[in-house]
Each structure stands twice: as C-alpha cells, then as structure tokens.
Amino acid sequence: GGVYINEGGYDAYFASVVNNAPGGAISIAHNPEGIYGTLYLGDILSNNGDIYLTSQGIIYTGFASGASIAAGTADIILSANDYIINGPITSSGGNISVGNSLENLPILLGDMDMGMEGYRIEISNGEFANLNTTGLITVGSDTAGPMIVGDLDCGARNIALMSADPMDWEY
C-alpha cells in the first residue's frame with residue numbers, strides 16, 4: 001500500500017514519513033490550489049517504492065539535522081518552483097528527477113550569481129551533490145524555461161537536462 005498526502009495551506013512540515021510496505025509508494029502534494037509556500041521535509045523513506053514530492057512553492061529537504069529522502073532502488077520525482085536541498089536524496093539504482101511545477105520557469109545549475117530577479121529554480125553544486133543514484137538524474141522538464149548551466153560539478157553521475165527553451169553554458 002501507498003502513503004498519499006495532499007496538503008493545502010501556505011507552509012507544510014513533515015518530520016518523518018515512512019512506508020515500510022515493500023514497493024509501497026509515497027506521494028506528498030503541497031499547495032494544490034497554487035498558493036506559494038514551502039514544503040519542509042525531514043525523513044521520507046520507502047522500502048523500494050517510488051517517492052513523489054510536489055509543491056507549487058519551494059521544496060526544502062533536510063530541514064531537520066541528519067534527515068534524508070531514500071527510496072531503496074525506486075525512483076524519486078520532485079516538482080517545485082525552487083529547491084533547498086540540504087539533505088541527501090538517495091536511490092540505489094532508480095532515477096531522480098528534479099523538475100519545475102510552473103511552465104517556462106528558468107533553471108540555474110551550478111555555482112554562479114546571475115543576478116536574475118523573479119521566480120527561478122537554482123541548484124548549487126552543494127545541492128547537486130546531495131542527489132545520489134547510480135541511475136539517471138534528470139533536471140528540468142519539457143515545460144521548463146531557459147536553463148543556464150554554470151560551473152556544475154557533475155562528478156561521475158549520469159545526468160539529463162531538459163528545457164523547452166535554449167540552454168546556455170556559462171564557464
């Protein structure tokens with residue numbers, strides 16, 4: 001069986017959501033009405049079940065010290081308007097997707113200061129280092145806005161970058 005949570009309101013806090021059922025999924029949807037806010041996540045743990053985390057605002061992982069998101073060998077799919085990735089997000093072989101919940105939202109990857117104003121997704125090297133899998137890491141989607149890739153340290157990871165707009169490589 002799966003764990004399905006649909007949370008409205010401005011901010012939402014989940015210190016721990018665990019599904020020990022083999023293959024049982026976890027799905028947390030925040031602000032389905034489109035109200036901006038932050039989804040604060042502590043431990044989100046499944047026993048080889050997919051994890052779906054969606055927010056119309058910010059997803060903040062690892063807000064509790066030592067907290068992590070782990071799906072065993074399953075996939076982890078995140079969709080938000082920005083991210084604060086302070087804790088590890090781990091799949092032992094599944095894929096990790098970090099996407100946009102608003103269409104045409106710009107995405108900035110790597111350590112850089114572009115001085116952009118307005119809504120955008122920014123993922124620093126420190127945050128990217130918290131994405132751990134031997135599978136594929138996908139950033140963006142077919143509805144993402146322009147993507148600017150700065151000094152991104154990918155390590156030996158398999159990554160895919162997706163955008164409906166052109167990509168710009170800044171070094």
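Two aromatic rings of Phe, Tyr or Trp count as a pair here if their centres lie within 6.5 Å. Keep that in mind as we walk through this structure, which is a predicted model. By that rule, ring pairs link Y13, Y40, Y60 and F63 into a cluster, and a search of the whole structure finds four aromatic pairs.

Let's take a couple of those pairs in turn. The ring centres of Y13 and Y40 are 4.4 Å apart and their planes sit at 0°, so this pair is stacked. Y13 belongs to strand β2 (residues 12-19) and Y40 to strand β4 (residues 38-46), so to speak two distant parts of the chain, 27 residues apart, linked by one pair. How exposed are the two partners? Y13 counts as exposed, at 52% relative accessibility, whereas Y40 is buried, with a relative accessible area of 18%.

Y40 also pairs with F63, this time edge-to-face, with 5.7 Å from centre to centre and 70° between the planes. F63 lies in the loop between β6 (58-61) and β7 (69-70) while Y40 is in strand β4, so their pair ties together parts 23 residues apart in sequence. At 32% relative accessibility, F63 is partly exposed.

F63 turns up again in the surroundings of L41. Not counting residues up to four places away in sequence, L41 touches F14, I28, L53, I59, Y60, T61, G62, F63 and I69. L41 is also one of the three residues, with I28 and L78, that touch the most other members of the largest nonpolar core, a group of 35 residues. In soluble globular proteins, nonpolar side chains tend to be buried together.

Now for the sheet. Seven strands form an open sheet in the order β1-β3-β5-β8-β11-β15-β17, with parallel pairing. β1 (3-7) and β17 stand at the edges with a single partner strand each, so one side of each has no neighbour in the sheet. On average, neighbouring strands here are turned by 5° against each other, direction ignored.

Zoom in on β8 (residues 76-80) and β11: they run parallel and are joined by five bridges. One bridge partner to look for is G99 in β11, which is matched with S79. S97 is in β11 too, a strand covering residues 96-100. S97 is partly exposed, at 22% relative accessible area, and its contacts beyond four places in sequence are I76, I77, L78 and T138.

Out at the edge strand β17 (residues 158-162) you'll find I159. I159 is partly exposed, with a relative accessible area of 30%. Leaving aside neighbours within four places in sequence, I159 is in contact with F128, L136, I137, L152 and C154.

Notes. Residues are numbered from 1 along each chain as its sequence is written. This is a predicted model: local features need pLDDT of at least 70, side-chain atom pairs count only at pLDDT 80 or more; totals for chains, interfaces and linings use all residues. Side-chain values use heavy atoms; hydrogens and water are left out. Helices (H or I, at least four residues) and strands (E, at least two) are DSSP runs, numbered from the N terminus. Buried means under 20% relative accessible area, exposed over 50%, partly exposed in between (1.4 Å probe, protein chains only). Contact means heavy atoms within 4.5 Å. A nonpolar core is a set of buried Ala, Val, Leu, Ile, Met, Phe, Trp, Tyr and Cys residues joined through side-chain atoms within 4.5 Å. Two strands pair if DSSP finds at least two bridges between them. Axes are lines fitted to C-alpha atoms, for helices over the stretch in contact, and angles run from 0 to 180 degrees between N-to-C directions. Rings of Phe, Tyr and Trp (its six-membered ring) pair if their centres lie within 6.5 Å; planes under 30 degrees apart count as stacked, over 60 as edge-to-face and the rest as tilted.
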